[in-house]
Amino acid sequence: MTIYRRLHRRFGPRHWWPAETPFEVVVGAVLTQNTAWTNVERAIANLKQARALTPERLLTAPLTQIARWIRPAGYFNLKARRLWAVVAWWRANPPRVTRRRPLLPLRQELLDVYGVGPETADSILLYALGRPSFVVDAYTKRIFARHGWVRREAGYDEIQQTFTRALPARAPLYNEYHALLVELGKHFCRPHQPNCQACPLRDLGTLRLEPGAR
DNA sequence: AGCCAGGACTGAG
DNA sequence: CTCAGTCATGGC
């Protein structure tokens with residue numbers, strides 16, 4: 001039994017990302033940085049109510065106004081600037097054109113945008129553009145470190161390669177895999193909540209990532 | 001009352 | 001290059 005099968009049997013399909021449009025994914029990816037998703041929902045609701053959830057409105061609005069809209073998401077002054085930068089990139093690089101470009105140069109270009117780190121870049125690539133770029137977040141690292149499947153001092157790229165080395169590069173698989181790991185993390189892998197005894201992955205032993213193998 | 005949440009940037013060593 | 005400090009709201 002592999003990790004993927006165990007998680008999918010336990011939680012079922014997650015239907016990520018929770019957004020109505022790819023652009024909303026991009027906005028959410030920035031707003032959720034180190035922030036609870038419930039707070040992001042309020043910020044996005046504010047943007048929708050103000051009819052400001054479009055590149056045009058966000059790029060012409062003053063940063064102070066953007067900050068007021070996204071206030072519930074925290075770090076609002078910081079994120080107002082990051083949001084502006086990412087939205088500017090999105091408008092200059094529409095999905096129709098971006099979809100045809102090689103993945104790694106595209107990823108590097110996203111990383112060069114202010115406020116876009118590895119997780120945000122991969123989230124945009126995977127969930128807004130449907131590209132096979134595996135997302136590693138705090139839950140992913142904590143889960144795998146606790147099980148001894150990655151080194152505790154491992155960085156983002158090292159953990160990501162653990163997945164991409166073993167998995168077929170398919171966006172639907174990466175999509176579901178990351179969403180399942182987040183769901184597992186929320187219930188069983190909090191920092192100071194060692195109820196790892198109830199973790200569905202408890203008795204898996206050595207690392208088996210691949211979706212199909214038994 | 002703290003601790004935490006689907007991080008990333010900056011400056012110092 | 002590694003790493004503490006910084007950013008900020010809302011839930012539990």
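Colleague: By class, how many residues of the surface near DNA strand C are nonpolar, polar and charged?

Modeller: Happy to start there, with the reminder that this is a predicted model. The residues around DNA strand C are N34, N39, R42, R71, P72, G74, Y75, F76, N77 and L78. Arginine counts as charged and glycine as polar. By class, that surface has 4 nonpolar, 4 polar and 2 charged residues.

Colleague: Which element gives the largest share of the surface near DNA strand C?

Modeller: Two helices are worth looking at, since α3 (37-49) and α6 (76-92) each supply at least two residues of that surface. F76, N77 and L78 are among the residues around the strand. The largest share, 3 residues, comes from α6.

Colleague: What percentage of the atoms of DNA strand C that come within 4 Å of the protein belongs to sugar and phosphate?

Modeller: Some polar contacts give a flavour of this. A polar side-chain atom of R42 lies 2.4 Å from a phosphate oxygen of DNA strand C, and a polar backbone atom of N77 is 2.9 Å from a phosphate oxygen of the strand. Among the strand atoms that come within 4 Å of the protein, the share of sugar and phosphate is 55%.

Colleague: Which residue has a polar side-chain atom 2.9 Å from a base oxygen of DNA strand C?

Modeller: R42 has its polar side-chain atom by a phosphate oxygen, and N77 uses a polar backbone atom, also with a phosphate oxygen. The side chain by a base oxygen, at 2.9 Å, is that of N39.

Colleague: Let's turn to the pockets. Which element supplies the largest share of the lining of the largest pocket?

Modeller: This pocket has a volume of about 780 Å³. Of its 27 lining residues, the closest to the centre are T32, T35, E119, D137 and Y139. Two or more lining residues come from each of α9 (118-128), α10 (138-146), α11 (156-166) and α12 (171-188). The largest share, 4 residues, comes from α9.

Colleague: How many residues in the lining of the largest pocket are charged?

Modeller: E119 and D137 are among the residues closest to the centre of the largest pocket. The lining as a whole divides into 13 nonpolar and 9 polar residues, and the charged ones number 5.

Colleague: And which element gives the largest share of the lining of the second largest pocket?

Modeller: The volume here is about 180 Å³. Lining residues include L103, L104, R107, D157, Q160, Q161 and T164. Both α8 (103-111) and α11 give two or more residues to the lining. The largest share, 4 residues, comes from α11.

Conventions:
Residues numbered from 1 in each chain as written. Chains lettered and ligands numbered in written order. Predicted model: local features only at pLDDT ≥ 70, side-chain atom pairs only at ≥ 80, totals over all residues. Heavy atoms only, no water. Near = heavy atom within 4 Å. Polar contact = N/O pair within 3.5 Å; in protein donor to acceptor, adjacent residues only side chain to side chain. 1 Å grid on protein atoms, 1.4 Å probe; cavity = no way out; pocket = protein on both sides within 12 Å on 5 of 7 lines; lining within 4 Å. Points joined across faces, edges and corners; volume = space filled by probe spheres on them.
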